[in-house]
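Me: Please take a close look at one strand in this model and at what surrounds it. I would like one connected account rather than a list.

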Amino acid sequence: MASFVCRSVFAATRRGVSTTAVRAADKAMNDPLEHATGLEKREILAKQAGREDPYEMQVYKRVAGTKEKPNLVPSVAEHRVVGCVCEEDATSINWMWLYKGEPKRCECGYWFKLIDSKPV
């Protein structure tokens with residue numbers, strides 16, 4: 001009797017779980033905006049409003065870069081790290097800190113100035 005009870009208990013524990021697939025052709029994934037919060041939500045809203053680069057991370061081509069007409073770098077903060085590729089074939093980047101109100105000259109001679117940008 002004990003062996004019968006033992007076998008039936010083990011048989012019950014070895015039983016697999018069975019599931020069935022449900023077809024949901026009429027259902028779609030929810031909109032990501034419904035689940036997003038915080039910075040992610042603000043980024044999605046900014047992109048929907050037409051602002052493709054809300055964090056101003058794109059690479060800019062340098063212009064004249066004189067002291068009177070420096071390269072303008074947008075920022076929402078009072079300071080920002082900027083990298084300058086001084087020569088077209090250079091394999092290194094010259095990094096420098098820019099502060100609002102103070103134009104700064106790179107080692108290659110180009111000038112940069114920090115300007116206000118719209119926050120995300």
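The reply below starts from the strand and works outward.

Reply: The model is predicted, and the part examined here is strand S1, residues 71-75. For orientation, the protein has 3 helices and 5 strands. Read from the N terminus, the elements follow the order α-α-α-β-β-β-β-β. Of the 120 residues, 20% count as buried.

Strand S1 has 5 residues, and 4 of them are buried, so the strand is largely enclosed by the rest of the structure. Its pairing partner is strand S5, residues 111-116. The two strands run parallel and are joined by 5 bridges. Within this pairing, Val73 stands opposite Leu114 of S5.

Ser75 also belongs to S1. Ser75 has a relative accessible area of 7% and is buried, because the cut-off for that class is under 20%. A polar atom of the Ser75 side chain lies 3.1 Å from the backbone nitrogen of Ala77. Leaving aside residues up to four places away in sequence, Ser75 touches Arg80, Lys100, Leu114, Ile115, Asp116 and Ser117. Leu114, one of these contacts, is the residue that stands opposite Val73.

Two other contacts of Ser75, Lys100 and Asp116, are joined to each other by a salt bridge. Their closest N and O atoms are 2.4 Å apart. Lys100 sits in the loop between strand S3 (94-99) and strand S4 (104-105), while Asp116 is in strand S5, so the pair ties together parts that are 16 residues apart in sequence. The two partners fall into separate accessibility classes: Lys100, at 22%, counts as partly exposed, whereas Asp116, at 62%, counts as exposed. Ser75 therefore touches both ends of this salt bridge while being buried itself, at 7%.

A search of the whole structure finds 2 salt bridges. Besides the pair that Ser75 touches, there is a salt bridge between the side chains of Lys47 and Glu43, with an N to O distance of 3.6 Å. Both of these residues lie in helix H3 (residues 38-48), 4 residues apart, about one turn of the helix. Lys47 is partly exposed, with a relative accessible area of 39%, and Glu43 is likewise partly exposed, at 26%. The pair in H3 thus sits within one helix, whereas the Lys100 and Asp116 pair ties a loop to a strand.

S1 also has a part in the largest pocket. This pocket has a volume of about 650 Å³ and is lined by 22 residues. Val59, Tyr60, Gly83, Cys84 and Val85 lie nearest its centre. The elements that give two or more residues to its lining are S1 and strand S2 (79-84). S2 gives the most, with 5 residues. Arg80, which Ser75 touches, falls within the residue range of S2.

Taken together, S1 pairs with S5, is largely enclosed and helps to line the largest pocket. For the protein as a whole, among contacts between residues at least 6 apart in sequence, 42% join residues at least 24 apart.

Conventions: Residues numbered from 1 in each chain as written. Predicted model: local features only at pLDDT ≥ 70, side-chain atom pairs only at ≥ 80, totals over all residues. Heavy atoms only, no water. Buried < 20%, exposed > 50% of the residue type's maximum accessible area, 1.4 Å probe, protein only. Pairing = 2+ DSSP bridges. Polar contact = N/O pair within 3.5 Å; in protein donor to acceptor, adjacent residues only side chain to side chain. Contact = heavy atoms within 4.5 Å. Salt bridge = Lys/Arg side-chain N within 4 Å of Asp/Glu carboxyl O. 1 Å grid on protein atoms, 1.4 Å probe; cavity = no way out; pocket = protein on both sides within 12 Å on 5 of 7 lines; lining within 4 Å. Points joined across faces, edges and corners; volume = space filled by probe spheres on them.
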